[in-house]
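User: I've got a model open and want to talk through how its chains sit together. Can you take me through it step by step?

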Protein chains: 2
Amino acid sequence: MDLVRTHQVVFTPSGRRGWVTEGSSVLDAARALGVDLDSVCGGRGICGRCQVTVGARPGIDANPDRLSAPGSTEADYHGRRPLLPGFRLGCAAHILDDVVIDVPTESQVHRQVVRKRAGVANLPVDPVLRLYYLEVEEPDLASPTGDAERVLAALSGQWDLDGVSLEPGPLSELQAALRQGKWKITVAVRSHRVIGVWPDFRDRALGLAFDIGSTTIAGHLCDLFTGEVLASAGRMNPQIRFGEDLMSRVSYVMMNEGGSLRLTQVVREAVDALIGDLVIEAGVDREDVLEVAVVGNPIMHHLFLGFDPRELGSAPFALVTTNALETPAASLGLGIHGGATVYTLPCIAGHVGADAAGAVLSEGPHRQVDLTLVVDVGTNAEIVLGNRERIVAASSPTGPAFEGAQISSGQRAAPGAIERVRIEPQTLEPRLRVIGQEMWSDEDGFAPEQVTGICGSGIIEAVVELFLAGVVKADGVIGERDHHRLVPSGRTFSYRLHDDILITQNDVRAIQLAKAALRAGCDLLLDRLSVDRVDQIRLAGAFGSHIDPIYAMALGLVPDCDPDRVSAAGNAAGVGAMMALLSGESRREIEALARRIEKVETAVEPRFQEHFVAAMAIPHNIDTYPLLGRVLTLPKAEAPGRTRRRRRDP
Amino acid sequence: MDLVRTHQVVFTPSGRRGWVTEGSSVLDAARALGVDLDSVCGGRGICGRCQVTVGARPGIDANPDRLSAPGSTEADYHGRRPLLPGFRLGCAAHILDDVVIDVPTESQVHRQVVRKRAGVANLPVDPVLRLYYLEVEEPDLASPTGDAERVLAALSGQWDLDGVSLEPGPLSELQAALRQGKWKITVAVRSHRVIGVWPDFRDRALGLAFDIGSTTIAGHLCDLFTGEVLASAGRMNPQIRFGEDLMSRVSYVMMNEGGSLRLTQVVREAVDALIGDLVIEAGVDREDVLEVAVVGNPIMHHLFLGFDPRELGSAPFALVTTNALETPAASLGLGIHGGATVYTLPCIAGHVGADAAGAVLSEGPHRQVDLTLVVDVGTNAEIVLGNRERIVAASSPTGPAFEGAQISSGQRAAPGAIERVRIEPQTLEPRLRVIGQEMWSDEDGFAPEQVTGICGSGIIEAVVELFLAGVVKADGVIGERDHHRLVPSGRTFSYRLHDDILITQNDVRAIQLAKAALRAGCDLLLDRLSVDRVDQIRLAGAFGSHIDPIYAMALGLVPDCDPDRVSAAGNAAGVGAMMALLSGESRREIEALARRIEKVETAVEPRFQEHFVAAMAIPHNIDTYPLLGRVLTLPKAEAPGRTRRRRRDP
């Protein structure tokens with residue numbers, strides 16, 4: 001009778017444990033117990049992904065002799081991932097006694113990655129594709145099977161992966177790869193389809209995340225397995241030459257035969273050129289890119305995918321589809337690996353696009369107890385409000401005023417634009433800060449001739465400061481006053497901010513209209529959830545990054561909230577794209593959530609108009625103004641603006 | 001209390017029966033009982049596909065009043081398919097009493113179609129895609145869903161079809177189709193994917209079946225639902241300019257950088273041009289074609305799919321894949337509907353290709369009790385032997401002699417080629433028939449100057465006739481004789497057949513080698529099944545159509561068989577492609593069979609050489625020769641050739 005010795009093995013941090021036969025490899029034990037221990041080479045001592053250490057727990061010490069001594073596999077190992085001191089290859093270390101095995105994060109397929117670049121803390125990695133190293137049987141005249149069938153047999157036999165098929169691209173490259181790799185190849189498998197094949201061993205696959213905005217396209221190149229960001233870059237959206245804002249591009253499509261195709265072509269070309277920038281920056285090859293994730297507003301989303309956007313130009317704003325899509329990269333003209341897939345995040349509604357879905361995914365209001373408002377301001381403001389109980393979303397037609405358009409001296413947030421404004425209430429003298437200059441206008445070295453205009457954050461601060469100085473009234477009127485900075489113009493007055501840069505009455509009106517639209521959208525969502533304040537506000541996108549949250553609150557742009565909890569979210573949509581790129585779980589999360597989000601259509605909500613009118617006034621926001629270092633002293637006679645703000649209950 | 005009246009309904013020919021509520025439509029009753037009753041419009045009285053008649057059986061007479069009287073739907077019906085006298089629309093006729101419903105073949109989705117053109121009796125129709133007419137909900141500002149989601153909801157609600165997705169092509173056409181069709185569209189669904197969308201009602205989809213041969217490409221255009229052949233045409237395979245036979249094309253690929261791509265390109269262009277011919281002949285549009293099925297020998301199969309064929313040029317003849325493949329037509333450069341799929345039949349082995357699979361599918365040895373031999377002769381002979389118990393297959397290197405190559409005056413079977421030969425044993429005077437001329441050479445009007453050479457069937461008959469005349473001996477030697485038709489040439493003799501067209505000793509040797517290879521392959525398969533005769537022989541392909549089966553037997557080209565059961569199979573491979581085009585069930589049949597067929601590799605079978613040597617001799621086939629109207633009288637001294645033929649047991 002043969003006695004088989006078994007030992008207890010405990011894996012940390014998963015806590016999974018079980019009994020295994022003496023001599024089992026750590027990798028085999030991990031597989032048998034369902035422990036997440038990575039391996040690309042399948043236990044051949046090539047990839048170095050299964051590195052572990054011996055741990056301890058009560059009753060089992062950390063004696064390294066609980067595993068077999070390092071043998072020739074580990075001694076000869078010279079893979080891409082160095083074998084760290086004290087670490088063992090799970091495939092080469094055999095269990096000789098009860099043992100605790102520590103699986104470090106780097107050796108897990110599914111993990112949380114700490115991000116250094118893209119401005120977000122932890123991203124889950126759950127790759128949508130995996131690489132498998134295979135040793136394939138050679139063809140035999142006596143039993144004629146296709147090379148593909150022997151590859152599939154190897155996937156089944158060496159990786160327990162069945163029901164896989166080969167795509168046309170890998171099929172056409174298979175024979176050369178097998179012979180070049182001397183019957184050893186690596187295949188990439190995605191959703192049970194082999195999408196790539198390479199001779200010999202390979203353990204890296206790259207991905208791209210894009211946020212296609214109306215103005216700029218931002219891209220990140222990532223390692224699909226480690227989550228590392230290898231390069232980030234941006235390009236202007238060349239569609240701008242067909243129309244500055246979204247609606248003018250839809251008009252272009254309506255007025256010009258083939259206009260939709262042309263817009264599709266230029267945006268795809270720009271994305272492809274950006275891919276070129278990214279791979280050069282990272283020193284990698286276009287062919288290494290196997291997966292792409294894309295967010296964008298509904299019109300950018302449609303144009304990139306080749307869908308005519310004209311239905312989005314008028315009610316009922318019917319999207320082609322709200323669902324997330326997977327499209328072959330080749331069919332979108334992207335010069336990356338032929339088997340690559342482009343994943344587009346779901347759209348939420350006709351004006352709440354895949355960019356909003358990306359922002360929701362990265363900001364995660366649905367993962368929080370606190371009621372969170374996420375606002376992304378562009379030509380339309382996309383507004384999402386909720387917590388893990390319930391999420392509502394809307395889009396408000398803010399127009400382009402916050403982007404500097406429709407403002408007499410307005411411009412984009414680019415060098416030369418006034419972005420910060422302070423006005424001394426007594427003297428009405430301004431101090432400015434301009435994009436591209438380090439110092440304020442009253443500091444040495446300021447170059448006044450380099451001021452070219454005023455951007456959205458600048459105009460918002462100017463209006464608030466003018467209000468605090470008593471120049472602009474609660475109803476938005478620039479009051480008459482005998483002061484060299486107040487310039488009459490017909491029956492209204494303008495404030496001279498700098499040289500010929502004026503804040504006109506029309507400018508104030510444009511900002512009032514834009515902020516009333518945004519605020520009315522927020523208020524509709526508050527109504528829907530029957531609340532009148534939120535716990536947290538995240539201002540996403542370029543506008544959200546530039547604007548001072550305190551001024552946003554002072555102008556009443558967003559609802560009442562603890563000012564300490566109003567902050568910029570950065571490129572939340574782009575981070576969402578990156579999350580979707582790196583994690584199948586994140587995709588399932590946002591797809592389920594997009595269906596669950598309740599859409600509030602501002603255009604058909606009777607209360608929108610009511611909120612809009614109420615939000616036109618500039619509020620006396622007694623909680624916020626002290627934070628600006630200003631004391632609000634209004635003439636007694638004047639009617640107070642709306643003061644929705646209530647004290648928080650203790 | 002409401003009483004619901006129910007009635008018994010019996011459907012014929014299926015025999016399905018059940019009880020239905022009074023007033024149910026016949027179509028609803030058929031669906032409830034799982035009866036195969038077609039409908040594209042989903043019961044809206046548009047498509048006319050659900051036509052039925054009232055039948056009878058004991059106890060239920062054929063009284064038309066058992067159904068509701070024809071109403072306005074039937075009165076107003078003016079669909080493409082006329083409503084025949086006495087027929088009712090199943091969707092508009094309601095059941096008022098016990099009733100027998102006859103479902104004619106034309107109203108079944110799955111059916112047998114009687115073929116008029118492609119030379120085969122009945123083909124099963126089991127469409128791989130279906131059309132569904134939908135009434136789609138209009139978009140609503142208050143509940144923003146994508147158009148695609150409402151189409152999928154209509155598929156689910158109106159057709160019980162769930163889990164369907166939309167391909168990128170239909171997605172991009174969806175919005176225009178919906179609006180043009182006023183929210184009524186027809187979609188094509190294939191394997192749970194919407195591959196096409198059209199405004200309003202549509203009930204036709206076309207398909208193409210191709211047999212890509214080394215010399216010619218044959219194509220048929222069919223209606224995917226009726227099975228009707230709308231057009232048939234052929235074109236030369238333009239690869240011929242890169243090499244006459246298969247091996248010279250593989251050599252071209254090996255010797256020329258980019259050669260494989262070039263051969264792929266020209267064959268795809270030829271197929272695309274042939275599509276142009278077919279749609280013009282049928283008066284239809286390229287866009288109407290939604291499905292394609294393709295057969296071809298392994299090298300044609302690989303080149304058409306864009307696979308480098310070099311591995312097929314030498315042992316072990318490894319195919320990229322033996323499996324059937326589905327490839328998007330667009331990726332193969334075929335200008336048909338953007339959602340169309342190209343189905344390639346499985347290959348059986350490195351030299352037994354998708355053409356052999358097509359021939360097996362159409363000839364169906366696996367459906368028969370009788371042991372059937374299917375032989376398709378080209379540069380390689382593909383040989384399949386079996387019955388429903390067991391099937392074996394092999395390929396024999398016959399070389400191109402049977403196609404007229406390697407023969408001194410040989411040529412393809414084209415106008416001017418001698419295809420029939422008779423030689424008077426006493427006088428040695430020949431009579432000939434030539435392709436393109438109606439009369440024999442001894443008849444009035446024969447134009448001797450139009451004879452250009454001799455094709456495969458002609459040379460076979462010449463050798464047999466010379467053997468019967470005692471000119472050619474059993475070992476193949478042309479005996480010395482003083483006769484004006486026997487021309488000395490070095491140490492051998494030639495027979496002058498016509499003007500300067502000679503049958504040389506080398507010609508006889510070439511035919512001996514080719515037939516020995518074919519016969520040895522057949523004998524190997526007989527060995528494998530431990531039999532020495534077959535019940536039936538089918539000679540497929542162009543060679544099989546030209547050759548007189550009796551001469552094939554007389555030369556010993558094929559094993560012993562009742563001569564009455566040796567026949568030409570026509571373009572069996574092409575018919576197989578058509579079967580696969582029209583029927584998903586046929587695809588599953590050949591895919592399962594291709595895996596089950598036992599492959600015999602002649603190159604590694606020790607007995608092949610032995611059979612080959614034995615088959616070199618010209619046999620004294622006593623059963624066959626009387627059928628030729630000849631009596632074989634050989635000089636007593638001469639050793640008899642092999643006489644494998646045994647009398648059939650009574």
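Analyst: Sure. To compare copies, they are superposed by least squares on the C-alpha atoms of residues with pLDDT of at least 70 in both. Keep in mind that this is a predicted model.

User: What turn lays chain B on chain A, and what kind of axis is that?
Analyst: Laying chain B on chain A gives an RMSD of 0.1 Å, with a shift of 0.0 Å along the axis. The turn that does it is 180°. That is therefore the relation of a two-fold axis.

User: Which residue of chain B has its C-alpha nearest the axis?
Analyst: Stay with that axis and look along chain B. The nearest C-alpha lies 4.8 Å from the axis, and it belongs to Ser331(B).

User: Do the copies meet through the same surface or different ones, and why?
Analyst: Chain B and chain A each put 39 residues into the contact. Of the interface residues of chain B, 100% are also interface residues in chain A. So the copies meet through the same surface.

User: How much area is buried between chain B and chain A, and what share comes from carbon and sulfur atoms?
Analyst: The area buried between the two chains is about 2,900 Å². Carbon and sulfur atoms give part of that, and their share is 65%.

User: Which side chain of chain A meets Glu311(B) in a salt bridge?
Analyst: The rule finds 2 salt bridges across this interface, along with 18 residue pairs in polar contact. In one of the salt bridges, N and O are 3.0 Å apart, inside the 4 Å cut-off. The partner of Glu311(B) there is Arg179(A).

User: Which element supplies the largest share of the side of chain B that touches chain A?
Analyst: Helix H3 (147–159), helix H4 (168–180) and strand S16 (325–328) of chain B each supply at least two residues of that side. The largest share is 6 residues, and it comes from H4(B).

User: By class, how many residues on that side of chain B are nonpolar, polar and charged?
Analyst: Sort the side of chain B that touches chain A by class. The split is 20 nonpolar, 10 polar and 9 charged residues.

User: Away from the interface question, which strands stand at the edges of the S22-S21-S23 sheet in chain A?
Analyst: This is an open sheet of 3 strands with mixed pairing. S21 (residues 417–423) pairs with S22 in the antiparallel sense over 5 bridges, and Val421(A) stands opposite Leu432(A) in S22(A). Each edge strand has a single partner, so one side of each is left without a neighbour in the sheet. Those edge strands are S22 (430–434) and S23 (453–454) of chain A.

Notes. Residues numbered from 1 in each chain as written. Chains lettered and ligands numbered in written order. Predicted model: local features only at pLDDT ≥ 70, side-chain atom pairs only at ≥ 80, totals over all residues. Heavy atoms only, no water. Contact = heavy atoms within 4.5 Å. Buried area = accessible area lost by both parts, 1.4 Å probe. Polar contact = N/O pair within 3.5 Å; in protein donor to acceptor, adjacent residues only side chain to side chain. Helix = DSSP H or I, 4+ residues; strand = E, 2+ residues; numbered from the N terminus. Nonpolar A, V, L, I, M, F, W, Y, C, P; charged D, E, K, R; others polar. Pairing = 2+ DSSP bridges.
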